[in-house]
Amino acid sequence: MNILGNISIDTFLSEYWQKKPLLIRNAFPSFISPIDPDDLAGLAMEEQAESRMIFEHGSDGPWQLKHGPFSEDDFNRLPEKDWTLLVQAVDQWVPELSDIVDQFNFIPKWRLDDLMVSFAPKGGSVGPHFDQYDVFLLQAHGQRHWQIGPKYSENSAFLQGTDLKILQDMQVDEEWTLNPGDMLYIPPQYAHNGVALNDCMTFSIGFRAPSESDILSHFVDHACLNLNEDNRYSDLDLSDSKPQPALIDDKAIDRIQALLQKQLTDREHIAKWFAGFMTESKYEDLQEPLEEPLDWEEVAPFFQSSHTITQNETSRWAYTSQEGRLTLMINGKEVCATTDTMLAQLAQHLANHRHIKIADILHQLESSQCQELLLDLINENHIYFDDE
């Protein structure tokens, strides 16, 4: 299925991705949401789910923000209109939503953040705003009217007196009403404002875009783990500094620059760190290993009786390949590092596909290393047998 309508993936990536918004009518033909508003409300009552409500006319002022988990009383006291419920990472709770996310595999999957679901009655909105990441807005139920504006920045004027970053004045360049199955792509920093015309749900598929600050601070923390007190600034080539003893000269700056560059020239080290960084889970509590680990003799029969294995919805996968060595990372941790061709092929296949046909990997089950990897993935609950 081509969810980009009559636009090819190459055209989308070259002309729209991170460049300009795109409306895609009937991206998901005859779309029926796998969840309904009651399901979403139930999820918002769970302690482990990240949820919030936004009230345009709150009791404490306009654009009031409240965080979950919520109770039945909270839902019973809701006004008839002008509010929105949002729940993050619903794809980690509902497998059918993870399958929807699979349709976006033309974007590197390690860039994926999550699928957020919002419900709003008539008038519900989160206000005119912009995001610092790419997002696809899929209309799942009802109708929502969208206004699209130009790019804004953190220096733009925002409304005061609210915890939300709502633009004070949003210029409207285009506007559309979306029906179920329609989808809108919004690049980073483009202003948008969606208002529910009736009871509606919208799926927001967002992609991670770490800031330079986050990247640098995380990398520095990671690099420091491999250093000790013996790693220090050194100036064996020091010359007489009496004429200007307070001067930090060019040679000193060269030494510091060399010290910093030493950490930035090891591509294998950077690749492994970045794969871990981009697969870190925001919801670690949702992913738990099996209470009683299995051994291969217990697992092997399932590979004969089942047809499919599936990535757990709570796991984030990525791998790197540097100088013939493949490193598989899941949820920020190294799972496998190998130069063995068969094991590397299995790891790649498992990482690149959410659903894997067992028939496609039968020839690899004879390898003890492949058995060990599969067993570890099963015991850590990163994959499961799935015949639905």
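Before we start, one term: a residue is buried when its relative accessible area is under 20%, exposed when over 50%, and partly exposed in between (1.4 Å probe, protein chains only). Helices (H or I, at least four residues) and strands (E, at least two) are DSSP runs, numbered from the N terminus.

The model is predicted, so local features need pLDDT of at least 70 and side-chain atom pairs count only at pLDDT 80 or more, while totals for chains, interfaces and linings use all residues. Residues are numbered from 1 along each chain as its sequence is written, and side-chain values use heavy atoms, with hydrogens and water left out.

**Exercise 1. The two sides of a helix**

Task: Which residues of helix α8 are buried, and which exposed residues does the face turned away from them carry?

Solution:
- Step 1. Helix α8 covers residues 296–305, and its buried residues are Trp-296, Val-299 and Phe-303.
- Step 2. Look down the axis of α8: the buried residues fall within an arc of 70 degrees (taken from the directions from the helix axis to the C-beta atoms), so they line one face of the helix.
- Step 3. Here's the background: an α-helix has 3.6 residues a turn, so residues three or four places apart point the same way.
- Step 4. Flip to the face turned away from the buried side, and you'll find the exposed residues Glu-297, Gln-304 and Ser-305.
- Step 5. As for the cover over the buried residues of α8, it includes α10 (368–379) and β17 (383–385).

**Exercise 2. A threonine and its surroundings**

Task: Is Thr-310 buried or exposed, and what does its side chain make a polar contact with?

Solution:
- Step 1. Find Thr-310 in strand β12, residues 308–311.
- Step 2. Its relative accessible area is 0%, so Thr-310 is buried.
- Step 3. Skip neighbours within four places in sequence, and Thr-310 is in contact (heavy atoms within 4.5 Å) with Arg-354, His-355, His-382, Ile-383, Tyr-384 and Asp-386.
- Step 4. The side chain of Asp-386 is the partner you're after: the side chain of Thr-310 makes a polar contact with it at 3.0 Å. A polar contact is a pair of N or O atoms within 3.5 Å; within protein, one must be able to donate a hydrogen and the other to accept it, and residues adjacent in sequence count only if both atoms are side-chain atoms.

**Exercise 3. A glutamine in a strand**

Task: Which backbone nitrogen does the side chain of Gln-64 reach?

Solution:
- Step 1. Gln-64 sits in strand β3, residues 61–67.
- Step 2. With a relative accessible area of 11%, Gln-64 counts as buried.
- Step 3. Leaving aside neighbours within four places in sequence, the contacts of Gln-64 are Met-53, Ile-54, Phe-55, Gly-58 and Ser-59.
- Step 4. It's the backbone nitrogen of Ser-59 that the side chain of Gln-64 reaches, at 3.0 Å.

**Exercise 4. Nonpolar cores**

Task: How many residues does the largest nonpolar core have, and which have the most contacts inside it?

Solution:
- Step 1. Set the rule: a nonpolar core is a set of buried Ala, Val, Leu, Ile, Met, Phe, Trp, Tyr and Cys residues joined through side-chain atoms within 4.5 Å.
- Step 2. The largest one has 46 residues, and those with the most contacts inside it are Phe-12, Phe-104, Phe-136 and Phe-203.
- Step 3. Apart from that core lies another, of 26 residues, including Trp-296, Ile-309, Leu-343 and Ala-351.
- Step 4. Zoom in on Phe-203: beyond neighbours within four places in sequence, its contacts include Phe-31, Leu-97, Leu-115 and Phe-136.

**Exercise 5. Salt bridges**

Task: How many salt bridges does the structure hold, and where do Asp-182 and Arg-25 lie?

Solution:
- Step 1. There are 12 salt bridges (a side-chain nitrogen of Lys or Arg within 4 Å of a carboxyl oxygen of Asp or Glu) in the structure.
- Step 2. In one of them, the side chains of Asp-182 and Arg-25 meet at 2.8 Å, N to O.
- Step 3. This pair links distant parts of the chain, 157 residues apart: Asp-182 is in the loop between β8 (174–178) and β9 (183–186), Arg-25 in the loop between β1 (22–24) and α2 (37–44).
- Step 4. Check accessibility: Asp-182 is buried at 6%, whereas Arg-25 is partly exposed at 41%.
- Step 5. Now try Glu-229 and Arg-232, whose closest N and O atoms are 2.6 Å apart. Glu-229 is exposed at 59%, and Arg-232 is exposed at 57%.
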